[in-house]
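Trainee: Could you take me through one part of this structure closely? I would like to look at the pockets and the helices around them.

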Amino acid sequence: MQILMFGAGSTGRGHLSALLYENGFRDIVYVDRDKDLVRKLGDARAYQVHLFGKQERTLDIRGFRILDRADHDRLVEAFCSADIVYTAVIAENLDDVSVALAAAIPERKRMGKKAPLNVIACENLDHASSYLKTCTYEK
C-alpha cells in the first residue's frame with residue numbers, strides 16, 4: 001500500500017510516519033515545499049524517530065521517497081499511485097495542498113482509477129478534511 005504524505009515535518013515524518021511504519025506501511029512518499037529538507041532527506045534516504053514513554057526506543061525509517069512540491073509531474077504520478085493520502089501541513093497550507101489535489105484528481109480519473117481515494121487531513125483545525133475537500137472542489 002502506497003502512502004502519499006503532504007508535509008515532511010515533525011508531524012508527518014515523525015508522528016504519522018512512525019505509526020504507519022510500525023504497522024507495516026513502508027511505501028511512503030513525502031511531498032514538501034522546503035527544498036533544503038527535500039534535498040537532505042533525499043540524500044540521507046533514512047532518518048530516525050525517537051519515541052519516549054514507558055519504553056523509550058528509536059525507529060529507523062527507510063525506504064521512503066520524497067518529492068519537491070514544485071515537481072508537478074512526479075507529484076501527479078505519486079498521487080495516481082497512492083492508496084491513501086495524508087496531509088500534515090499547517091492549516092494555512094491546506095489551500096496549497098488543495099491546488100495539487102485538484103490538478104491530480106482528473107489525471108487519476110484519466111488513468112482509469114475508479115476506486116475512491118481517502119484523503120485524511122491531520123492538521124490542528126476543526127473539520128480539516130472537510131475544509132480540504134471544499135477547497136479542492138472549488139479549484
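Mentor: What follows covers the two pockets, then the helices, then two loop residues.

This is a predicted model, in which local features need pLDDT of at least 70 and side-chain atom pairs count only at pLDDT 80 or more, while totals for chains, interfaces and linings use all residues. Residues are numbered from 1 along each chain as its sequence is written, and side-chain values use heavy atoms, with hydrogens and water left out.

Rolling a probe the size of a water molecule over the atoms shows where empty space is left. A pocket is an open set of points on a 1 Å grid over the protein atoms alone, where a 1.4 Å probe fits and protein lies on both sides within 12 Å along at least five of seven lines; lining residues have an atom within 4 Å of a point. Grid points are joined across faces, edges and corners, and a volume is the space filled by probe spheres set on the points.

The largest pocket has a volume of about 400 Å³. It is lined by 16 residues, and the closest to its centre are Phe79, Ile105, Leu117, Val119 and Tyr137. Two elements give two or more residues to this lining, α4 (94–110) and α5 (128–138). The most comes from α5, with 5 residues. Helices here are DSSP runs of H or I with at least four residues, strands are runs of E with at least two, and both are numbered from the N terminus. Sorted by class, the lining of the largest pocket has 9 nonpolar, 2 polar and 5 charged residues. Nonpolar covers Ala, Val, Leu, Ile, Met, Phe, Trp, Tyr, Cys and Pro; charged covers Asp, Glu, Lys and Arg; the others, Gly among them, are polar.

The second largest pocket holds about 240 Å³ of space. Of its 16 lining residues, Gly7, Asp32, Arg33, Val89 and Asn93 are the closest to the centre. At least two lining residues each come from α1 (10–22), β2 (27–32) and α4. The classes here are 7 nonpolar, 5 polar and 4 charged residues.

Now the helices. Two packed helices are described by the angle between their axes and the distance between the axes. Axes are lines fitted to C-alpha atoms, for helices over the stretch in contact, and angles run from 0 to 180 degrees between N-to-C directions. The axes of α4 and α5 come within 8 Å and cross at roughly 55 degrees. That makes α4 oblique to α5; under 35 degrees counts as roughly parallel, over 145 as roughly antiparallel, 65 to 115 as roughly perpendicular and the rest as oblique. Their crossing is right-handed, which is the term used if the near helix is turned clockwise from the far one by less than a right angle.

α3 and α4 pack at about 60 degrees, with their axes 9 Å apart. α3 is therefore oblique to α4, and this crossing is right-handed. His72 belongs to α3 (residues 72–81). The C-alpha atoms of His72 and Ala104 are 8.9 Å apart, although 32 residues separate them along the chain. His72 counts as partly exposed because its relative accessibility is 41%; buried means under 20%, exposed over 50% and partly exposed in between, with a 1.4 Å probe and protein chains only.

Last, the loops. Most residues other than glycine have a negative phi. Arg45, in the loop between α2 (35–44) and β3 (46–51), has a positive phi near 60 degrees. Arg45 is exposed, at 59% relative accessibility. His127, in the loop between β7 (118–121) and α5, also has a positive phi near 60 degrees. The relative accessible area of His127 is 64%, so His127 is exposed.
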